[in-house]
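The following note collects points for a colleague's consideration. The sequence and the structure are shown first, and the points follow.

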Amino acid sequence: MEADSDADAQMMLKVAAGDRRAFALLFDRYHVSVARFALRFVGDRERAEELTQDIFVKLYRNAKSYKPSAKFKTFLFRVATNHCLNEVRRGEYRVEHTSTETQEDEGGLEVAGGEGDRPDQALAGRELERAVGEALKAMSERERAAFTMCRFEGMAYRDIAEALEASEAAVKSLIHRATLAVARKVEELQTGSVPARSRA
């Protein structure tokens with residue numbers, strides 16, 4: 001990818017040259033997305049904020065080695081994914097479902113349920129969010145990362161593949177399995193039943 005076609009990559013090159021204002025602009029632009037990603041990854045709001053700080057510190061300290069070979073957002077999420085995977089693998093905590101019922105709070109980590117929703121719509125939204133949270137908790141780390149980047153960050157398969165250092169076919173498979181897991185949780189929620197494959 002040519003850096004010329006990605007304004008954020010150009011900004012990161014300025015960071016590499018020592019421009020702190022450029023770093024502040026990138027932080028402002030992406031810290032909520034990274035915090036949201038980390039929250040869905042580790043399930044703990046406070047830890048997600050710490051991880052976000054760590055990720056941006058790492059980005060700043062390693063700026064001089066930055067090479068714009070991919071979109072900046074793809075590069076950033078590769079750094080974020082690796083950092084979150086390392087944290088989870090260290091086993092310092094386990095992923096818990098995090099309620100996403102609150103509107104943008106404490107740095108704007110999460111949004112669920114619009115203010116204008118009717119009570120039944122808001123309830124359905126919260127229940128769906130809970131089902132998604134439960135499904136995320138049960139996924140492998142790579143499924144969770146791929147699903148989060150695809151469904152919540154709107155990233156293309158190709159970009160997710162670069163972020164995960166995997167093939168597009170592998171990413172499609174990860175997202176397919178993750179989507180089925182979410183669908184099963186939603187089905188359980190709607191029917192109040194346990195799917196046949198989970199009985200035994």
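1. Helix α3 of this predicted model covers residues 45-61, a run of 17 residues. From its first C-alpha to its last, α3 reaches 24 Å, close to the 24 Å expected at 1.5 Å a residue.

2. At the start of α3, attention is drawn to D44. A side-chain oxygen of D44 comes to within 3.3 Å of the backbone nitrogen of E46.

3. Which residues of α3 are buried? They are R45, R47, A48, L51, T52, I55, F56 and L59. The elements against which these buried residues of α3 pack are three helices: α1 (7-16), α2 (20-42) and α4 (72-90).

4. Aromatic contacts deserve a separate point, as the structure holds 10 aromatic pairs. One of them joins F23 and Y60 in an edge-to-face arrangement, with 4.9 Å centre to centre and 65 degrees between the planes. Because F23 belongs to helix α2 and Y60 to helix α3, this pair ties together parts that are 37 residues apart in sequence. As to accessibility, F23 has a relative value of 17% and therefore counts as buried, the cut-off being under 20%. Y60, with a relative accessible area of 32%, is partly exposed.

5. F27 and F56 form a further aromatic pair, also classed as edge-to-face. The ring centres of F27 and F56 are 4.8 Å apart, and the angle between the planes is 75 degrees. Here too helix α2 contributes one partner, F27, and helix α3 the other, F56, so the pair ties together parts that are 29 residues apart in sequence. F27 has a relative accessible area of 21% and is partly exposed, whereas F56 is buried at 3%.

6. How are F23, F27, F56 and Y60 related to one another? Ring pairs link these four residues, F23, F27, F56 and Y60, into a cluster. Within this cluster, F56 also appears among the buried residues of α3.

7. Two arginine-ring contacts should be recorded alongside the aromatic pairs. The charged end of R40 sits over the ring of F152, at 3.5 Å from the ring centre. R144 lies over the face of F41, and the distance to the centre of that ring is 5.5 Å.

Conventions. Residues are numbered from 1 along each chain as its sequence is written. This is a predicted model: local features need pLDDT of at least 70, side-chain atom pairs count only at pLDDT 80 or more; totals for chains, interfaces and linings use all residues. Side-chain values use heavy atoms; hydrogens and water are left out. Helices (H or I, at least four residues) and strands (E, at least two) are DSSP runs, numbered from the N terminus. The expected span of a helix is 1.5 Å times one less than its number of residues. Buried means under 20% relative accessible area, exposed over 50%, partly exposed in between (1.4 Å probe, protein chains only). Contact means heavy atoms within 4.5 Å. A polar contact is a pair of N or O atoms within 3.5 Å; within protein, one must be able to donate a hydrogen and the other to accept it, and residues adjacent in sequence count only if both atoms are side-chain atoms. Rings of Phe, Tyr and Trp (its six-membered ring) pair if their centres lie within 6.5 Å; planes under 30 degrees apart count as stacked, over 60 as edge-to-face and the rest as tilted. A charge sits over a ring if NZ of Lys or CZ of Arg is within 6 Å of the ring centre and within 35 degrees of the ring normal.
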